[in-house]
Amino acid sequence: MSSVNTAIQLITREQAEKGAAAKGSTCSPALAKGPWDYDLAEALAGIPAYGPGASSADVAPAATPRQGQLPEEYKLASDAELAERITAAKAALGDRAVILGHFYQRDEVVQYADFVGDSFQLANAALTRPDAEAIIFCGVHFMAETADILSKPDQAVILPNLAAGCSMADMADADSVAECWEQLEEIFGTEPDADGRVPVIPVTYMNSSAALKAFCGEHGGIVCTSSNAKTVLEWAFQRAQRVLFFPDQHLGRNTAKALGVPLEQMPMWNPRKELGGNGEQALLDSRVILWHGFCSVHKRFTTAQIDKARADYPGVQVIVHPECPMEVVNAADSAGSTDFIKKAIAGATEPTTFAIGTEINMVNRLAAEYPQHTIFCLDPVICPCSTMYRIHPGYLAWVLEELVAGRVVNRITVDDAVQANARTALERMLAARP
Ligand code: SF4
């Protein structure tokens, strides 16, 4: 099976030659371009890069490292040359560097990873290499921040391309959440009820800036992953009358619904509107206030795709990620984190057809790993996580060769105060029990 990148390049070429007659489609023609084109556009627009402990919508502190322009030699290098340079630099660095590759990372990069996993598994994997001077995180910005929070202070966490953010994490910035919190406190007050439960607790998904994890740490709140969201919500309901859940509305809704919270008690908070677009009574009656955020990859999955998979492959097992919309999760056979999906496939003892609702790089890798099964992505359009896809092998070669030369580029550092509060929220999550 060709890599997602090869498929994108082929489709784009065919579209240029044959127009509408071309087979296959991608979700954006920009995917076929070099990610450095995006850097240049950013530089021209004067948009700041991601700041430490911040989403791209936050005001970046003055000391924020900026994305250096990728030197021309890496943009011009052939795939074979980049492969040779990455292999040589990795060998020269040996145990001094550890490379982490997210499940959603492209094959051309993930092949060099010492560990492959989800964001939290990778941050924990880095802890097994305390002697590594550099942790190269081939994922997105919030993942590198979490690795920085959990790693030793003298270890440099490097994000090969600083433009690799997460569009979902960017939907909740620190100022908007603080404003929301202020408005909620005005309505609910801060006094606990007769059972000692505070009016509201903030819960942030791992896919959020370090600043938001710190906000949760500071306000009695907690972090969750897609694997433990149910346990974390139960933890929160023991301590609070209601939860403010950000940034992913779908994970919040799907998890709360599974716990029996009625949909009418889950108002949505739109940060651009007064009271998030809600009446005061709706907020008073709420159990979970959902932030208006979503993942641009997972929101593409639809019930029509599931219907088609069931019609084309009778007996197909449909498994989707809980970042998918509620009706998709309802129509699937099961829903769970990337780890859940992986284990479900690994545990199938008979040849099975699986239709998967998650990112295409991961689905294709599973298909290659388990040839006894038929495994395909529900979305017929090739649509990788476009921000993670910005970690082109050219950036990996660059950061590794800079390390060999004794220079650290694209280091992600989370401010000490932000780190301390964020760690509190992460530790609460680790201690939360079902
Ligand atoms: S797949 Fe979605 S949630 Fe995950 S990093 Fe990409 S944009 Fe963010």
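**View 1. Leu 275 sits partly exposed in this predicted model, with 17 other C-beta atoms within 10 Å.** The cut-offs explain the label: buried needs 20 or more such atoms and exposed needs 12 or fewer, so Leu 275 lands in between. Look for Leu 275 in the loop that runs between strand S8 (268-269) and helix H12 (280-284). The backbone is worth a click too: phi of Leu 275 is positive, about 50 degrees, although the residue is not a glycine. As background, most residues other than glycine have a negative phi.

**View 2. Asn 410 also has a positive phi, about 55 degrees, and is not a glycine either.** Its loop lies between H17 and helix H18 (416-431). Is Asn 410 buried or exposed? Asn 410 counts as buried, because 24 C-beta neighbours lie inside 10 Å and the bar for that is 20 or more.

**View 3. A cis peptide bond links Phe 246 to Pro 247.** Omega is near -10 degrees for this bond. For context, most peptide bonds are trans. Pro 247 belongs to the loop between strand S7 (243-246) and helix H11 (249-258).

**View 4. Four strands make an open sheet in the order S2-S1-S3-S4, with parallel pairing.** Strand S2 (115-117) and strand S4 (156-158) are the edges, each pairing on one side only. On average, neighbouring strands here are turned by 20 degrees against each other, direction ignored. Zoom in on strand S1 (residues 97-102) and you'll find 3 bridges joining S1 to S2, with the two running parallel. One pair to pick out is His 102 with its bridge partner in S2, Gly 117. Helix H6 (residues 119-127) packs on this sheet and touches S1, S2 and strand S3 (134-138); the direction of H6 makes about 170 degrees with that of S1. Helix H7 (residues 141-150) packs on the sheet as well, touching S1, S3 and S4, and its direction makes about 155 degrees with that of S3.

**View 5. Another open sheet of 4 strands, also with parallel pairing, has the order S11-S10-S12-S13.** Its edge strands are strand S11 (334-335) and strand S13 (374-377), each with pairing on one side only. Inside the sheet, 4 bridges join strand S10 (residues 317-320) to strand S12 (residues 353-357), and these two run parallel. Gln 317 has Phe 354 in S12 as its bridge partner. Lying across S12 and S13 is helix H16 (residues 360-369), which runs at about 170 degrees to S13.

**View 6. There are 13 residues around the ligand.** Which of them come nearest? Those are Cys 166, Met 168, Cys 295, Val 297 and Cys 385. By type, the shell splits into 8 nonpolar, 4 polar and 1 charged.

**View 7. Ser 386 lies in the loop between S13 and helix H17 (393-404).** Ser 386 is partly exposed, since 18 other C-beta atoms lie within 10 Å. Setting aside neighbours within four places in sequence, Ser 386 is in contact with Ser 28 and Leu 31. Ala 309, 77 residues apart from Ser 386 along the chain, has its C-alpha atom separated by 25 Å from that of Ser 386.

**View 8. Domain 1 touches domain 3.** The domain assignment gives domain 1 (34-167 + 388-414), domain 2 (170-295) and domain 3 (298-377). The contact between domain 1 and domain 3 takes 6 residues from each. On the domain 1 side, these are 2 nonpolar, 1 polar and 3 charged.

Terms used. Residues numbered from 1 in each chain as written. Predicted model: local features only at pLDDT ≥ 70, side-chain atom pairs only at ≥ 80, totals over all residues. Pairing = 2+ DSSP bridges. Axes fitted to C-alpha atoms, helices over the stretch in contact; angles between N-to-C directions. Contact = placed C-beta atoms within 7 Å. Near = placed C-beta within 6 Å. Nonpolar A, V, L, I, M, F, W, Y, C, P; charged D, E, K, R; others polar. Domains from an automatic or database assignment.
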